[in-house]
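Here are some notes to read alongside the model. Take the points in order, and keep the 3D view open as you go.

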There are 2 protein chains.
Amino acid sequence: MPLAKTDTFNNSDKQLADIAKALSHPARINILRILNEQNYCITGEIVDLIPLSQSTVSQHLKELKRVNLIKGEIEGPRTNYCLNEAVVEKTKSAFTKLFSTFKCC
Amino acid sequence: MPLAKTDTFNNSDKQLADIAKALSHPARINILRILNEQNYCITGEIVDLIPLSQSTVSQHLKELKRVNLIKGEIEGPRTNYCLNEAVVEKTKSAFTKLFSTFKCC
DNA sequence: TTATAATATCGTATATTTACGATAAGCGAT
DNA sequence: ATCGCTTATCGTAAATATACGATATTATAA
């Protein structure tokens, strides 16, 4: 993306697009499902469940944290991740709202 | 993305991630809203409403068509676009289903 | 038939994403 | 203090995405 013309777009559309971007990789959806099932996971557990390297998984976790879909608290040498339930619910609402604006939905 | 390891991910997660990718740019969400309001639009009308060049808008339309969120029928020298309501509804369901799996939702 | 109009595609430049291995940084235990 | 474990970050390579102008294509109008 050479030039950022995104300033001219609607703000809530930009936010929603940004969340959609965070959801735009199966590994990240997978991670969300894992965290939902296990409540809390350290990085290593997630790495064991995802067919990607440790560093790549760490990057995906970073992307999910960027949009606050997950929280990570450091516990000694490890990081304990969990869903950020408030943001997950907000995201659900945002998508629901988007689709409810469509006549067909 | 050097190597496609995505084969190992769950199929519905891949599909949902792919749709999320199509929604991951504010211009494309904008286009969906425009098509919802106007029912049918030719490319030129959309170009007039989006602060991007004709060729760029055309690319965004192509991405939305790739995932079948919109349909485009050629009418003479122009293309008439509209929402693919069935796919929009399916997409809504897919997101609803995803979020309903989360305990907090 | 030629010109005009609309739009998709091509070519290109830049930015971002994705992936990996290697390294660094932090903590706990010895 | 050092070693080992965990995890984030760095460096790097390749693939995609985003944007634009220019061109090709197609259908209508003159």
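1. Let's start with the sheet in chain B, bearing in mind that this is a predicted model. The sheet is open and has three strands, in the order β1-β3-β2, with antiparallel pairing. The edges are taken by β1 (41–42) and β2 (70–75) of chain B; each has a single partner strand, so one side of each is left without a neighbour in the sheet. As a reminder, strands of a sheet pair through backbone hydrogen bonds, either parallel or antiparallel.

2. Now look at one pairing in detail. Six bridges join β2(B) to strand β3 (residues 78–83) of chain B, in the antiparallel sense. If you would like a place to put your cursor, try B:K71, which stands opposite B:C82 in β3(B).

3. Two helices pack on this sheet. Helix α2 (residues 26–38) of chain B touches β1, β2 and β3 of chain B, and its direction makes about 90° with that of β3(B). Helix α4 (residues 54–66) of chain B touches β2 and β3 of chain B, and its direction makes about 120° with that of β2(B).

4. How do α2(B) and α4(B) cross? Their axes come within 10 Å and cross at roughly 75°. An angle from 65 to 115 degrees counts as roughly perpendicular, and α2(B) and α4(B) are therefore roughly perpendicular to each other. On the α2(B) side, the contact is made by B:A27, B:R28 and B:I31; on the α4(B) side, by B:H60, B:L61, B:E63 and B:L64. Sorted by class, this contact has four nonpolar, one polar and two charged residues.

5. Please check chain A for the matching pair of helices. There, helix α2 (residues 26–38) and helix α4 (residues 54–66) pack at an angle of about 75°, with their axes 10 Å apart. So α2(A) and α4(A) are roughly perpendicular to each other. A:A27, A:R28 and A:I31 of α2(A) meet A:H60, A:L61, A:E63 and A:L64 of α4(A). These residues divide into four nonpolar, one polar and two charged.

6. Next, zoom out to see how the chains meet. In chain B, 34 residues are in contact with 34 residues of chain A. Helices α1 (11–22), α2 and α5 (85–100) of chain B each supply at least two residues of the side that touches chain A. That side of chain B has 17 nonpolar, eight polar and nine charged residues.

7. How are the two copies related? Chain B is superposed on chain A by a rotation of 180° with 0.0 Å of shift along its axis, at an RMSD of 0.0 Å. The copies are thus related as by a two-fold rotation axis. To find the axis from chain B, look for B:A20: its C-alpha is the nearest in that chain, 2.5 Å from the axis. Of the interface residues of chain B, 100% are also interface residues in chain A, so the copies meet through the same surface.

8. A last residue to visit is B:Q15, in helix α1 of chain B. Is B:Q15 buried or exposed? The label is in between: a residue needs 20 or more C-beta neighbours within 10 Å to be buried, and 12 or fewer to be exposed. B:Q15 has 15 inside 10 Å, so B:Q15 counts as partly exposed. Also compare sequence with space here: B:Q15 and B:V67 are 52 residues apart in sequence, and their C-alpha atoms are 9.3 Å apart.

Notes:
Residues numbered from 1 in each chain as written. Chains lettered and ligands numbered in written order. Predicted model: local features only at pLDDT ≥ 70, side-chain atom pairs only at ≥ 80, totals over all residues. Pairing = 2+ DSSP bridges. Helix = DSSP H or I, 4+ residues; strand = E, 2+ residues; numbered from the N terminus. Contact = placed C-beta atoms within 7 Å. Axes fitted to C-alpha atoms, helices over the stretch in contact; angles between N-to-C directions. Nonpolar A, V, L, I, M, F, W, Y, C, P; charged D, E, K, R; others polar. Least-squares fit on C-alpha atoms with pLDDT ≥ 70 in both. Parallel < 35°, antiparallel > 145°, perpendicular 65-115°, else oblique.
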